[in-house]
Amino acid sequence: MTSERARVVVVGAGFGGLAAVKSLRRASLDLTLVDSRNHHLFQPLLYQVATAALSPADVAGPIRSILRDQDNVRVVLDTVIGVDRTRCEVGLQSGKRLPYDWLVLATGARHSYFGRDDWARHAPGIKSIEDATAVRAKVLLALERAETETDKSRRDAMLTFVVIGGGPTGVEMAGAIAELAHRAVSRDFRTITPHCSRVILINLAPRLLEGFPEDLSRTALANLQKLGVEVRLSTPITAIAADHVIAGDEIILTHTAIWAAGVQASPAAAWLGAEADRSGRVLVDGSLHPCGDARIFVIGDTANYPGSDGQPLPGIAPVAKQQGRHAAKAIMALTEGRPEPRFRYRNYGNLATIGRSHAVVDFGWWKATGLLAWLIWSTVHVYFLVGFRNRLQVGASLAWNYLTYARHARLITGSPLAEPAPHSFDPAKFEGEKHDRAA
Ligand SMILES: Cc1cc2nc3c(=O)[nH]c(=O)nc-3n(C[C@H](O)[C@H](O)[C@H](O)COP(=O)(O)OP(=O)(O)OC[C@H]3O[C@@H](n4cnc5c(N)ncnc54)[C@H](O)[C@@H]3O)c2cc1C
């Protein structure tokens with residue numbers, strides 16, 4: 001690599017950043033890919049890790065190995081903390097600075113608790129391997145504790161699982177927990193039976209899967225109910241604590257709440273001094289540039305790019321990948337003195353799975369439900385996984401789980417036992433406190 005070549009810095013090795021880097025594999029450029037983690041993560045299958053169907057290594061791969069054969073890229077493990085647009089430099093947590101001619105920011109998003117960050121402790125979301133294994137530990141530990149609990153009301157609370165959010169992640173999570181709690185573990189326990197567990201999905205919107213047509217939302221609801229999931233629609237959450245959730249007027253006694261309700265973009269807008277929307281996504285122009293800066297592209301979950309209906313494109317992998325490929329194409333055009341193309345999104349469809357054998361698929365011109373949709377969902381997810389070993393392993397695991405209901409990755413890791421089970425919630429005491437607060 002010589003210093004005369006244009007320097008391209010890509011931040012984030014998720015779907016968007018990796019697509020940009022791979023699309024530049026033949027370009028005569030000095031490419032640097034920075035990520036605060038050493039692995040690329042296939043987030044769409046993360047809920048399978050959280051429900052013990054897959055292991056972390058099935059859904060993640062080391063960035064260095066993925067890019068082993070791409071000679072024009074250097075991988076840097078570090079965290080970006082700022083961008084100096086005047087000097088064209090990226091600031092890293094290690095104190096180093098990376099100069100760029102072109103910069104691609106693909107730093108994704110995190111959970112948003114809509115200003116109630118105190119809920120995060122009791123209702124973790126799943127966005128990283130650590131999140132997924134923490135949720136897995138929480139779910140499995142609840143089953144273990146329930147097995148030896150003699151007090152019925154405490155045992156019921158331990159066996160009540162609440163999922164908050166009715167988008168694809170919430171629907172997938174609720175379906176998978178229902179199968180885990182009702183079917184997968186039933187033969188391994190002696191006291192708790194499949195009928196002891198409750199899975200409740202709470203959604204603020206009046207229907208599930210709002211990004212899908214209404215008939216598919218109804219199908220998803222019916223499929224979840226068939227799996228034994230209780231669904232509460234148009235229901236706001238007003239409190240989440242270690243031993244209960246308050247949803248609408250209902251106090252649900254639970255030790256396991258999981259958050260799948262909202263996202264907040266990475267702080268890229270603050271680094272750039274750029275305008276952002278309410279979710280923190282950087283407003284970008286038709287070529288994915290923020291604040292008119294033609295040297296910078298902001299892509300994927302951290303960008304707000306309006307689709308043909310004027311609404312921001314959804315935070316999904318195909319958007320991030322297409323924008324990553326677009327940024328690469330634009331950089332090649334600009335370095336070769338050709339006019340810069342504008343970004344155009346192609347919607348190839350929407351998929352969500354409900355349990356181990358149902359899904360809904362919307363290709364616009366064609367819709368599918370049931371087993372056929374699940375086969376399409378499985379094929380697409382296995383196909384888009386990075387790495388042949390992962391495809392083989394995940395394909396085999398999905399097939400095995402389908403045939404047997406098995407959950408091979410039922411490992412409680414970390415030190416969750418250090419935190420004792422919450423004490424019993426006393427609704428009468430809560431009502432008293434509520435009354436005192438109001439007075
Ligand atoms: C549980 C779950 C299920 C999902 N299911 C689906 C699905 O079924 N279908 C679908 O299409 N989409 C799904 N999505 C959404 C999809 O995963 C995202 O839209 C996609 O990952 C966005 O890609 P991205 O490149 O913008 O960001 P990401 O893939 O999130 O990548 C961001 C990268 O940036 C890195 N990073 C962040 N901040 C910094 C920093 N300061 N410095 C250095 N590196 C940094 C991160 O480590 C990460 O590697 C799901 C998401 C989740 C969480």
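Is L288 buried or exposed in this predicted model? L288 is buried, since its relative accessible area is 0%, and the close-up views described below start from the ligand and return to this residue later.

**View 1. The shell of residues around the ligand.** Of the 29 residues that surround the ligand in the predicted model, those that come nearest are G16, D35, V80, D301 and A317. Sorted by class, this shell is made up of 12 nonpolar, 12 polar and five charged residues. Two helices, α1 (15-23) and α9 (317-335), each supply at least two residues of the shell, and α9 gives the most, with three residues.

**View 2. Polar contacts between the protein and the ligand.** D35 places a polar side-chain atom 2.6 Å from an oxygen atom of the ligand, whereas S36 approaches through its backbone, where an N or O atom lies 3.2 Å from a nitrogen atom of the ligand. A polar backbone atom of I316 is likewise found 3.2 Å from an oxygen atom of the ligand. Taken on its own, the ligand has 1000 Å² of accessible area, and the protein covers 88% of this.

**View 3. Helix α11 and its two faces.** Helix α11 runs over residues 388-404, and its 17 residues should span 24 Å at 1.5 Å a residue, which agrees with the 24 Å between its end C-alpha atoms. The buried residues of α11 include N390, V394, S397, L398 and N401. Because these residues cover an arc of only 100° around the axis, they sit on the same side of α11. The face of α11 turned away from this buried side carries the exposed residues F388, L392, W400 and L403. An α-helix has 3.6 residues a turn, so residues three or four places apart point the same way.

**View 4. Helix α7 and the glycine that follows.** Helix α7 (residues 214-226) has 13 residues, and the distance from its first C-alpha to its last is 18 Å, close to the 18 Å expected at 1.5 Å a residue. Within α7, the residues L216, S217, A220, N223 and L224 are buried. Seen down the axis of α7, these buried residues fall within an arc of 125°, so they line one face of the helix. On the face of α7 turned away from the buried side are the exposed residues R218 and K226. After α7 comes G228, which has a positive phi near 95°.

**View 5. Positive phi at two residues other than glycine.** C88 is found in the loop between β6 (80-84) and β7 (89-92), and its phi is near 55°, a positive value in a residue other than glycine. L288, the residue of the opening question, lies in the loop between β19 (282-283) and β20 (296-298). L288 also has a positive phi, of about 75°, although it is not a glycine. With a relative accessible area of 0%, L288 counts as buried because the cut-off for that class is under 20%.

**View 6. Side chains of T302 and D131 that reach the backbone.** T302 lies in the loop between β20 and β21 (303-304), where it is buried, with a relative accessible area of 0%. A polar atom of the side chain of T302 lies 3.3 Å from the backbone oxygen of G108. D131, by contrast, lies in helix α4 (residues 129-148), and its side chain reaches the backbone nitrogen of K127 at 2.9 Å. D131 has a relative accessible area of 16%, and it is therefore buried, as this value is under 20%.

**View 7. Two pairs of residues and their separations.** R145 lies in helix α4, where its relative accessibility of 21% makes it count as partly exposed. Along the chain R145 and L334 are 189 residues apart, and their C-alpha atoms are separated by 60 Å. G175 has its place in helix α6 (residues 168-184), and this glycine is buried, with a relative accessible area of 0%. Between G175 and A269 there are 35 Å in space, C-alpha to C-alpha, and the two residues are 94 residues apart in sequence.

Methods. Residues are numbered from 1 along each chain as its sequence is written. This is a predicted model: local features need pLDDT of at least 70, side-chain atom pairs count only at pLDDT 80 or more; totals for chains, interfaces and linings use all residues. Side-chain values use heavy atoms; hydrogens and water are left out. A residue is near a molecule or strand if one of its heavy atoms lies within 4 Å of it. A polar contact is a pair of N or O atoms within 3.5 Å; within protein, one must be able to donate a hydrogen and the other to accept it, and residues adjacent in sequence count only if both atoms are side-chain atoms. Accessible areas come from the Shrake-Rupley method with a 1.4 Å probe; for residues, only the protein chains shown count as cover. Helices (H or I, at least four residues) and strands (E, at least two) are DSSP runs, numbered from the N terminus. Ala, Val, Leu, Ile, Met, Phe, Trp, Tyr, Cys and Pro count as nonpolar, Asp, Glu, Lys and Arg as charged, and the others, Gly among them, as polar. The expected span of a helix is 1.5 Å times one less than its number of residues. Buried means under 20% relative accessible area, exposed over 50%, partly exposed in between (1.4 Å probe, protein chains only). The arc is that of the directions from the helix axis to the C-beta atoms.
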